[in-house]
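Here are my notes on this one, for when you have the structure open. I start with a helix and then move on to a sheet and the chain as a whole.

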Amino acid sequence: MNRRKQLIDRIIQNLSILEVQLRKRGSLNLLDMHLHAESFAKVLLNKVYGYDLVNLNHVNQNMPAVDLGDYKRGIAFQITTTNSIQKIKDTVIKYRAHEIADDLPHLRIFILRSEKPKKNSIVIDGYEFDIKHHVISLTNLIRSIQDISNTDLLIEIDNWIARESKLEFDDHNDDFFNEFINSPENARELMLRTQPTLSDCREVFSDEYFELMHLYYDVCFSAILDPRANWEKFRVFDSFKITTSSYQEVQSGKHNMPGGIRDLVNDRVFRPGKYSFHTVKFYPKDSEYGSSFKTWIKINGRWVYFVKPWRAMDEIGTLKNDKSIDRMIKAMRRFGFREDPFEKDYDKEFFLRFFFKQLGQ
């Protein structure tokens with residue numbers, strides 16, 4: 001794949017993740033959210049547009065209406081996660097009331113959201129503000145980034161966004177995962193300690209499905225924990241990042257999880273609740289690329305790993321509709337077994353009958 005396209009694709013992905021996390025923080029009214037947004041936006045706008053923006057609160061503490069300023073170009077920026085017309089009106093009114101235009105005559109608004117109001121302009125007391133050209137959304141920013149031909153600059157922008165999404169905006173980091181990096185043995189221990197129990201499945205899956213999902217994960221983790229499984233890749237991982245989407249965000253489509261998760265939420269396979277879905281991505285040293293492990297849920301303070309639940313539903317549906325032993329063996333291999341899924345000391349036929357009984361035979 002073209003290097004430039006790789007960089008732009010990753011920039012778009014990380015900006016989408018930041019948008020979700022900033023919206024979540026804003027809804028929680030976290031005090032540091034806006035300060036992080038200002039610092040993030042200052043560097044990003046300077047890199048993308050070549051500005052010389054400074055934080056105006058460092059020049060004049062609690063500067064009203066605007067957050068960043070480029071005195072050389074006379075530009076003032078308001079940084080916000082709110083994309084309403086009322087927010088724009090309030091900013092314009094304060095900007096004019098405090099005579100900020102004397103030093104910074106060009107007002108701009110950077111909205112850390114994909115969309116901005118569709119209205120092209122507003123007029124307040126005879127003053128017209130051009131929304132179409134002077135309000136920048138994340139979509140506008142991405143288009144500007146796509147116009148950049150300098151690969152070195154794209155790398156700088158990509159590194160900045162990746163660093164900020166990992167260090168500044170991720171408030172779900174958990175020391176629990178530090179135990180399991182740099183060691184294949186510890187990675188296997190991670191699986192042992194996060195395997196879903198029947199109680200865990202009951203907590204997040206509907207009454208119709210929680211027992212079947214528990215049975216699926218029993219089989220699935222038997223494959224994952226097979227002594228022949230290769231965990232060597234964990235030897236090189238020395239850091240991790242956690243990204244999060246709430247149940248409500250997944251339900252509304254505003255999330256960074258696989259599409260299969262939303263399908264299961266909308267189909268009520270997942271029980272409605274106030275829990276969140278997490279992706280844990282492990283990184284090798286000095287690398288921006290890593291391996292993602294999706295669908296972790298924290299239940300009563302304990303991390304639980306629900307491996308690809310959308311695939312679980314596919315497999316359960318297959319087994320319900322085709323009860324031959326050969327089909328079962330093939331399905332078991334798709335669960336993760338590379339060879340015969342049973343050791344010699346298992347009674348294969350007994351196990352299969354038990355499994356089908358649990359599926360409702």
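**Notes on the model**

1. Start with α4, where Ile-88, Thr-91, Val-92 and Tyr-95 are the ones to look at: these residues are buried. They sit on the same side of α4, because their arc around the axis is only 95 degrees. That fits the usual helix geometry: with 3.6 residues a turn, residues three or four places apart point the same way. Keep in mind that this is a predicted model.

2. What lies over that buried side? The cover for the buried residues of α4 includes the strands β3 (75-80), β4 (106-111), β5 (121-124), β6 (127-130) and β7 (135-136), plus the helix α5 (131-134).

3. The helix itself runs over residues 85-97, 13 residues in total, and spans 18 Å between its first and last C-alpha, close to the 18 Å expected. Just past the end of α4, have a look at Glu-99, which has a positive phi of about 55 degrees.

4. Now the open sheet: four strands, ordered β8-β9-β10-β11, with antiparallel pairing. β8 (237-246) and β11 (302-305) are the edge strands; each has a single partner, so one side of each lacks a neighbour in the sheet. From one strand to the next, the twist averages 35 degrees.

5. At the β11 edge, β10 (residues 291-299) pairs with β11 over 4 bridges, in the antiparallel sense. Trp-296 is opposite Tyr-305 of β11.

6. For the overall picture, the chain has 15 helices and 11 strands, and 48% of its 361 residues count as buried. Of the contacts between residues at least 6 apart in sequence, 66% link residues at least 24 apart.

Terms used. Residues numbered from 1 in each chain as written. Predicted model: local features only at pLDDT ≥ 70, side-chain atom pairs only at ≥ 80, totals over all residues. Heavy atoms only, no water. Helix = DSSP H or I, 4+ residues; strand = E, 2+ residues; numbered from the N terminus. Buried < 20%, exposed > 50% of the residue type's maximum accessible area, 1.4 Å probe, protein only. Contact = heavy atoms within 4.5 Å. Pairing = 2+ DSSP bridges. Axes fitted to C-alpha atoms, helices over the stretch in contact; angles between N-to-C directions. Expected span 1.5 Å × (residues − 1). Arc of directions from axis to C-beta.
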